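Work through the exercises below with the model open beside you. Try each task before reading its solution.

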Amino acid sequence: MSHIASRLAAVKPSASMAVSQAARELAATGVDVIDLGLGEPDFAAPDHITEAAFAAAKADRMLYTASLGTPDLRRAVAAKFSRENGLDYAIDEIAVANGAKQIIFNALMATVEEGDELILPAPYFVSYPEMAKLFGGVPVTPACAAEAGFRLTPEVLDAAITEKSRWLFLNMPGNPSGAVYTTEQLQALGEVLAKHPQVMILSDEIYEHIVFDGREFVSFGKACPELRDRTLIVNGVSKAYAMTGWRVGYAAGPKDLIKAMATIQSQSCTSVSAPAQIAAQAALEGPQDCVATFCRAFERRRDVVVEGIAAINTLTLDPPEGAFYAYIGCAALIGAKTPAGEVLTDDVAVATYLLNDAHVAAVPGTAYGLSPFFRISTATSEEILTEAIARIGRAVAKLDM
Ligand code: PMP
């Protein structure tokens, strides 16, 4: 038996990946399963992006690069922050890593001491608390209710901060909620944070281009410039350019933190794969029309889901403001009896019922720290979404409430 380090004892594997695994297993038995578990754009990355990587790999030897990314890519990232977010960062304030996930991982490894608290407003991205625990951090997960648009309020933030708080994580548009913050809402949080210099802010803005109803996306860095020296802005090409498998994420933040992240990166993966960095640079510097096209498609899908769920009167969903998920409230189903006589005691039971009866894979809200909900990904065609919702409606109608 292998010895597994104790730091892993409390760390869970990704819940959305587990749901997809269960869906695949059911599908392998011949069942027609609709998997709405994982969140990946279903579009192809635009040709100019893949061609840039291909041409470079054919023309040149692909060698290790600087740990924090090629100077060209880091310049392209700095230019992106300036052009799209109105933020000025120097090259030595920019990091590139294997996805936003590795950026977050490196940042936490560089900063978290045993017992430090990380404020993760719930519902949160599933990986945040697990990464926090990996480094001895303690997740503090204040609930952000659907009635408050799933947004963190200054009061809730104030109550969550202690002397041990090391990080506040914000994620906008939010996964799974879709919640977006206005400048005023961010500044109200900034006022609270100004009183607590021990708290660093990680703003995960990976879904920034997927915002609906004409909303304007405002970076935390733009709303709260006075917190610049303790803010890490995280982003990447996965969602904006349909490039999840290329694994390129980036961040802008204080020089000393970026330098510490470089040390970690140089002793772990060395660098992001060179062709992937060339592809990411092409994405950031090339034509941007794909970004708006993807966003419009996600908005139409959001509309299909909102309309479909509204017709099922035991489920609740306010229109998500961005990203490509719907976080559906299922409080009315808790306590209901399935045709097999099983009582749905929590949202895990609801998601299990939906998988086994409707053959739709959704992730239970427990995974995101706010129940009872389930999340479906809307990163699939309108036809598939329509069919999935029809199935969910039929399964819910069979319950004895
Ligand atoms: N942050 C959030 C909120 C996400 O939803 C995801 C992907 N599901 C990531 C980060 C990871 O992105 P990347 O592919 O760049 O690692």
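**Exercise 1. Cysteines**

Why is the sulfur of cysteine 290 in no bond with the closest cysteine sulfur?

Solution. This is a predicted model: local features need pLDDT of at least 70, side-chain atom pairs count only at pLDDT 80 or more, and totals for chains, interfaces and linings use all residues. Residues are numbered from 1 along each chain as its sequence is written, and side-chain values use heavy atoms, with hydrogens and water left out.

Step 1. Find the closest cysteine sulfur: it belongs to cysteine 295.
Step 2. Read the distance. The two sulfurs are 12 Å apart, too far for a bond. A disulfide is a pair of cysteine sulfur atoms within 2.5 Å.
Step 3. Check burial. Cysteine 290 has a relative accessible area of 10%, so it is buried (under 20% relative accessible area; exposed is over 50%, partly exposed in between; 1.4 Å probe, protein chains only).
Step 4. Count the disulfides: the structure holds 0. Cysteine 144 is in none either, with the nearest cysteine sulfur, that of cysteine 224, 16 Å away. Cysteine 144 is buried, at 2% relative accessibility.

**Exercise 2. Ligand contacts**

Find which polar side-chain atoms lie beside oxygen or nitrogen atoms of the ligand.

Solution.
Step 1. Start with the nitrogen. A polar side-chain atom of aspartate 204 lies 2.6 Å from a nitrogen atom of the ligand.
Step 2. Turn to oxygen. Arginine 247 places a polar side-chain atom 2.7 Å from a ligand oxygen. For asparagine 175, the distance to a ligand oxygen is 2.8 Å.
Step 3. Assess the cover. Alone, the ligand exposes 400 Å², and the protein buries 92% of that (Shrake-Rupley method, 1.4 Å probe).

**Exercise 3. Backbone outliers**

Locate two cis peptide bonds and two positive phi values outside glycine.

Solution.
Step 1. Recall the background: most residues other than glycine have a negative phi, and most peptide bonds are trans.
Step 2. Inspect the prolines. The bond from alanine 122 to proline 123 is cis, with omega near 10°. The bond from methionine 172 to proline 173 is also cis, with omega near -15°.
Step 3. Inspect phi. Phenylalanine 150 has a positive phi of about 60°. Alanine 323 has a positive phi near 60°.
Step 4. Are phenylalanine 150 and alanine 323 buried or exposed? Phenylalanine 150 is buried, at 14% relative accessible area. Alanine 323 is buried, at 1%.

Note on methods: Polar contact = N/O pair within 3.5 Å; in protein donor to acceptor, adjacent residues only side chain to side chain.
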